[in-house]
Amino acid sequence: MSKIDIGIKKADRTEVAEGLKRLLADSYTLYLQTHNFHWNVEGPRFRELHLMFEEHYTELAVAVDDIAERIRTLDVPAPGTYKEFAKLSSIAEVDGVPDARKMVDLLTHGHEQVVKTCRDVLKVANESDDESTAAMASDRMRIHEKTAWMLRAINK
């Protein structure tokens with residue numbers, strides 16, 4: 001097998017990948033939470049929230065694949081179990097089924113947390129001259145900032 005040579009030192013690739021693992025865990029946890037809420041939302045805003053949550057979890061499904069593949073591109077194994085995600089994620093799992101308003105609040109907080117994780121990854125990627133990861137983190141940050149804004153607007 002050939003040795004990886006993409007212009008990023010092994011130590012830097014490892015450090016960037018560690019940040020991406022946390023981003024993957026946060027994104028996957030948020031995906032599961034959003035999908036759960038899509039299935040279980042009730043109330044007068046059912047249709048609006050049900051459809052919105054579907055849009056969000058569909059977008060997150062693509063994102064987790066992109067993040068995992070970036071980790072692999074850096075020649076580091078990507079985490080892929082609930083156990084690993086639970087250790088790495090900064091987003092807490094939710095017990096039970098909250099009401100629709102609480103669902104929106106929890107998802108808002110989740111998206112804001114992913115923004116913070118993206119900022120951490122972006123910093124490390126920039127320090128490592130890893131423009132591909134920096135671009136991905138920046139794009140993810142923009143998406144999660146906008147989603148959090150839209151969710152906050154729902155519960156005003």
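**Exercise 1. Work out whether N155 is buried or exposed, and find what surrounds it.**

Start with the location: N155 sits in the segment after α5 (131-154). Helices here are DSSP runs of H or I with at least four residues, numbered from the N terminus. Next, check the accessibility. N155 has 10% relative accessibility, so it goes down as buried (buried is under 20% relative accessible area and exposed is over 50%, with partly exposed in between, using a 1.4 Å probe and protein chains only). Finally, list the neighbours. Skipping residues within four places in sequence, N155 is in contact with R45, R101, V104 and D105, where contact means heavy atoms within 4.5 Å.

Before going on, keep in mind that this is a predicted model: local features need pLDDT of at least 70 and side-chain atom pairs count only at pLDDT 80 or more, while totals for chains, interfaces and linings use all residues. Residues are numbered from 1 along each chain as its sequence is written, and side-chain values use heavy atoms, with hydrogens and water left out.

**Exercise 2. Do the same for R140: buried or exposed?**

R140 belongs to helix α5. At 8% relative accessibility, R140 is classed as buried. Leave out residues up to four places away in sequence, and R140 touches E59, L60, A63 and C118.

**Exercise 3. Decide how α2 and α4 run relative to each other.**

First, get the geometry. Helix α2 covers residues 46-73 and helix α4 covers residues 100-127; their axes come within 12 Å and cross at roughly 20°. (Axes are lines fitted to C-alpha atoms, for helices over the stretch in contact, and angles run from 0 to 180 degrees between N-to-C directions.) Then classify: α2 and α4 are therefore roughly parallel (that label takes angles under 35 degrees, and roughly antiparallel takes those over 145). Now look at who meets whom. From α2, L49, F53 and H56 meet A100, M103, V104, L107 and H111 of α4. Sorted by class, that contact holds six nonpolar residues, two polar and no charged.

**Exercise 4. Repeat the analysis for α1 and α2.**

Helix α1 spans residues 10-40, and its axis comes within 8 Å of the α2 axis, crossing at roughly 155°. That makes α1 and α2 roughly antiparallel. By class, the contact of α1 with α2 has 16 nonpolar, six polar and three charged residues.

**Exercise 5. Find which residues UniProt gives to "domain: Ferritin/DPS", and describe that span.**

The UniProt record, an unreviewed entry, puts this feature at residues 18-154. In the model, residues 18-154 are 80% helix and 0% strand, and the end C-alpha atoms lie 34 Å apart.

Technical notes
Helix = DSSP H or I, 4+ residues; strand = E, 2+ residues; numbered from the N terminus. Parallel < 35°, antiparallel > 145°, perpendicular 65-115°, else oblique. Nonpolar A, V, L, I, M, F, W, Y, C, P; charged D, E, K, R; others polar. UniProt positions renumbered as here; feature names shortened; annotations may be inferred.
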